[in-house]
Amino acid sequence: MKAFLTAMMTMCVVPAFAQEATAVFGPDDPKQLMTIRSTTDIAVFGPVVDAFLETQTDIGILYEQWGSNDLFALSKADCAAGRASADMLISSGVHQMVQLVNDACAQAHRSDATAGVRDELIWRDELWGVTREPAVMVYNRDLVPYDEVPQSRFDLLDLLRPDQSRYAGRVATYDIEASGLGFLFAFIDSQEATTFGGLLESLGRTHAIATCCSAEIIDGVANGQYLVAYNVLGSYALARAEKDTRIGVIAPNDYTLVLSRAVMIPRGAENAGLATAFLDFLLSDTGRAQLREALLIVPIDGEEGELEAGQASGGVVRPITLAPGLLVALDRQKRESFIRRWRETFPSNAQ
Amino acid sequence: MRSAPHEKVSLSLTARVALAVTGVLLIGGVFVSLAAFAYGRQAAREAYDRLLIGAANDIAASITVRDGQAVVDLPRSAFQLLALAPDDRIIYRVVGPAGQTLTGYETAPLPKESMGKDQSFFDADFGGEPARYATVIRRFAERSFSGNVHVIVGHTTLARRDLALDLTRNALFVLSITGAVIAVLAVLAVRSALRPLDNIGEVLGRRDPYDLTPIEMTVPREAAVMMSSLNGFMARLDRQVSSMRNLIGDTAHQLRTPVAAIRAQADLAAEEQDETRRQKIVERIHRRSVGLGRLLDQMLSRALVIHRSDTVRREVIDLRDIAVEVLEDSDHDVLSVGDDVRLDLPEDPVLVMGDALSLTEASKNLLNNAMRHGKKPITVGVSVQAGQARLSVTDAGQGPPAEILSRAGERFARSAASKSESAGLGLAIAYSVARAHDGQMLMEPQPSGGFVAAIILPATEV
């Protein structure tokens, strides 16, 4: 049933950039070996790859797991050099992917499957959003009383308002310099709503923690180091919540950002045919079912799902549109001034 | 009536109009298509150029000076503007006074010549695709920072091409519909325009072959020209046919009596035994034959005159020439009386529009009548008075009997025939000629004695 899987959790040394882990899927001696570089954990995405390989013969997939900033830097360098060292890129740093497409680093693909993609999740037939992962708030069920569970950003602001709030110093969020995704969420927050200014001020005043990586943040919430974590990627949070009853997950009901991991096929990819086949698979019903299984597609919008009360309804779901508007997030000066502003809020985290 | 070999059929009018309309539509279509494409490209270029300028202005407006540095707070609105060309890749660059890139793509091309204009456009390449760029200059003059900051915004041209094609397609769609409507209208118009021709043909086809009366039907003005020519032609035909018929009738009628008389004389001569009396009869036969000959001459000349009056082109002639010619001809006549005929001509030409031969013939008849029946001296005169030119023959006699005068205008005078003489017939010719020339005959006694016979015609100014 399960395809042959070898995980080589090895650290290869690549000048300047380094992947976090690699795995090879498929038969021992495949006729074709396709390289996928992705920011998604091998453990999460592996079953989806296996399901795809079941529909193919003699195909192998080399899956490299990368951090989004490193992946972007490597791909940009590849593109500038006019080569493609991977056949497919999958990244949660969708603004970086938009930039790569904008810099003519991608190739186009049209099929029945891509024709069904919603407008905001496709750009130029070169970039596609394949997952649906809300940015959520995570809280500790044991330590946060039921009536204090924040349903929205306003609730979070209210919790932080009192002078002697017990939430002071126990709210965590991504360090936007360390995490590309954290930066993206914070940046879009700053563009989406005026609450962001107040939120940033409150977080700064109460000495909230900005730290790296979903796993650490969720761990911190589970063991009670943090009471609430803001803007955590829903897929990871829900995966942990399945196993750990201490963790509660809330989609803010003022608005919920929804991230679609973006897929692109680099220009000049060696196995572009295979890459398009995999893309079509990810967009197919089977592929979507697998992604749902992996919690990479989280049902929102009143669908039956794991998100609790305070669920976003209808109009407050804000998908992050794959469009050149995201280029603003990568503008050098814009980024510098945004990070400067962030630093002023979280001076304690300065290295 | 219609014999195929004589009908030369050229390209039908419908086909001609169809060809012309098709030609106009084709040539016009090609021109309009080119124009539509040029217009579409121009319109698309202008529309998206405005977009570029708008985005560049947005970015330029977001530049502030902080600590002696120009800082760009890239506005999302600029990108929302550019997103109106949804599938186009975007490139931007902000360049400081010293040429350093403040933010954006280092690879974005700079405008070739930095003209003084605050806004300019140029075409260049972006990642292997053609792209259009706009440059906006923001001028700073502050204590800590001064100089020009260039904002360059560009995008690829997919949306422009699509819009241009879309505009062209729409224009061509409208154009082809218009063309089809014009073609249909042209066919209808030609059919409606040609229907009177069919009607005329049908009326002519239904007509009795001997019916030469004018066709009376309502036709469009253009066809009326043809109708009036046709009617004129038929009227001429009618006159000729009826004068032919008259001539034949007259000839038969006029010849019957003298021929019968000659035959009776010849019978007498055959039975007459007495040589002297037979000689007398033969003389009578001879005299009669001469008279008959003259009668025939006159009838022929009348036929000629009547025929010519309809068919020969009128030209400007001098009545004095006619008078002289009549006199000269008379000199060779058997009945020439030489000095007894005088000419009375004015110094200046007397001009009329007419046919010289007919007029000469008519005048000759008048002179002959005067010489044969009138009293000498005879004067042939030409004069003009109040726009009326007049050629007259005057003699000193009483003129013809009232009976002849009263019937002089008729087709022919029977009395002439009865006397085997041709005074009546000559007069009838003169009348015909005068009428054919839009003139009239004057036959009246002179107050001073004598009788005048004159042809009066409208004089022509030279």
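Reader: Let's start with B:Val72. Is that residue buried or exposed?
Author: Buried: B:Val72 has 22 other C-beta atoms within 10 Å, and a residue counts as buried at 20 or more. Bear in mind that this is a predicted model.

Reader: Okay. Which strand is B:Val72 found in?
Author: B:Val72 sits in strand β2 of chain B, residues 69–72.

Reader: And what is B:Val72 in contact with, leaving aside neighbours within four places in sequence?
Author: On the chain B side there are B:Ile59, B:Ser62, B:Ile63, B:Val94, B:Leu102 and B:Thr103, and from chain A there's A:Gln333.

Reader: How far apart in space are B:Val72 and B:Ala61?
Author: They are 8.9 Å apart, C-alpha to C-alpha, with their positions 11 residues apart in sequence.

Reader: Let's do the interface. How many residues of each chain are in contact with the other chain?
Author: Chain A puts in 15 residues and chain B 18.

Reader: Which element of chain A gives the most to that side?
Author: Helix α12 of chain A, residues 332–345, with four residues.

Reader: What's the chemistry like on the side of chain A that touches chain B, by class?
Author: An even split: five nonpolar, five polar and five charged residues.

Reader: Switching to cores. How many residues are in the largest nonpolar core, and which have the most contacts inside it?
Author: That core has 141 residues, and the ones with the most contacts inside it are A:Leu127, A:Val138, A:Ala229, A:Ala237 and B:Ile59. Its largest share, nine residues, comes from α1(B).

Reader: Pick A:Val138. What is A:Val138 in contact with, beyond neighbours within four places in sequence?
Author: A:Val138 touches A:Ile218, A:Val221, A:Ala229, A:Val232, A:Ala237, A:Ile247, A:Gly248 and A:Val249. Apart from the big core there's another one of 35 residues, including B:Met371, B:Val380, B:Ala389 and B:Ala453.

Reader: Back to α1(B). At what angle do α1(B) and α3(B) pack?
Author: About 160°, with the axes 8 Å apart; helix α1 of chain B covers residues 13–61 and helix α3 of chain B covers residues 158–206. Angles over 145 degrees count as roughly antiparallel, so that is what α1(B) and α3(B) are to each other.

Reader: Is their crossing left-handed or right-handed, and what classes of residue make up the contact?
Author: The crossing of α1(B) and α3(B) is right-handed. Their contact has 24 nonpolar, six polar and three charged residues.

Reader: Now chain A. How do the axes of α1(A) and α11(A) cross?
Author: Helix α1 of chain A (residues 42–54) and helix α11 of chain A (residues 285–293) come within 9 Å along their axes and cross at roughly 160°. That makes α1(A) roughly antiparallel to α11(A), and the crossing is right-handed.

Reader: Which residues make the contact?
Author: From α1(A) come A:Pro47, A:Val48 and A:Ala51, and from α11(A) come A:Thr286, A:Gln290, A:Leu291 and A:Glu293. By class, that contact has four nonpolar, two polar and one charged residues.

Reader: Last bit, the overall make-up. How many helices and strands are in chain A and in chain B?
Author: Chain A has 12 helices and 15 strands, while chain B has 10 helices and 14 strands.

Reader: And what share of each chain is buried?
Author: In chain A, 50% of the 351 residues are buried. In chain B, 27% of the 462 residues count as buried.

Note on methods
Residues are numbered from 1 along each chain as its sequence is written. Chains are lettered from A and ligands numbered from 1 in the order in which they are written. This is a predicted model: local features need pLDDT of at least 70, side-chain atom pairs count only at pLDDT 80 or more; totals for chains, interfaces and linings use all residues. Two residues are in contact if their C-beta atoms, placed from the backbone, lie within 7 Å. Helices (H or I, at least four residues) and strands (E, at least two) are DSSP runs, numbered from the N terminus. Ala, Val, Leu, Ile, Met, Phe, Trp, Tyr, Cys and Pro count as nonpolar, Asp, Glu, Lys and Arg as charged, and the others, Gly among them, as polar. Axes are lines fitted to C-alpha atoms, for helices over the stretch in contact, and angles run from 0 to 180 degrees between N-to-C directions. Angles under 35 degrees count as roughly parallel, over 145 as roughly antiparallel, 65 to 115 as roughly perpendicular and the rest as oblique. A crossing is left-handed if the near helix is turned anticlockwise from the far one by less than a right angle, and right-handed if clockwise. A nonpolar core is a set of buried Ala, Val, Leu, Ile, Met, Phe, Trp, Tyr and Cys residues joined through C-beta atoms within 7 Å. A residue is buried if 20 or more other C-beta atoms lie within 10 Å of its own, exposed if 12 or fewer, and partly exposed in between; C-beta atoms are placed from the backbone.
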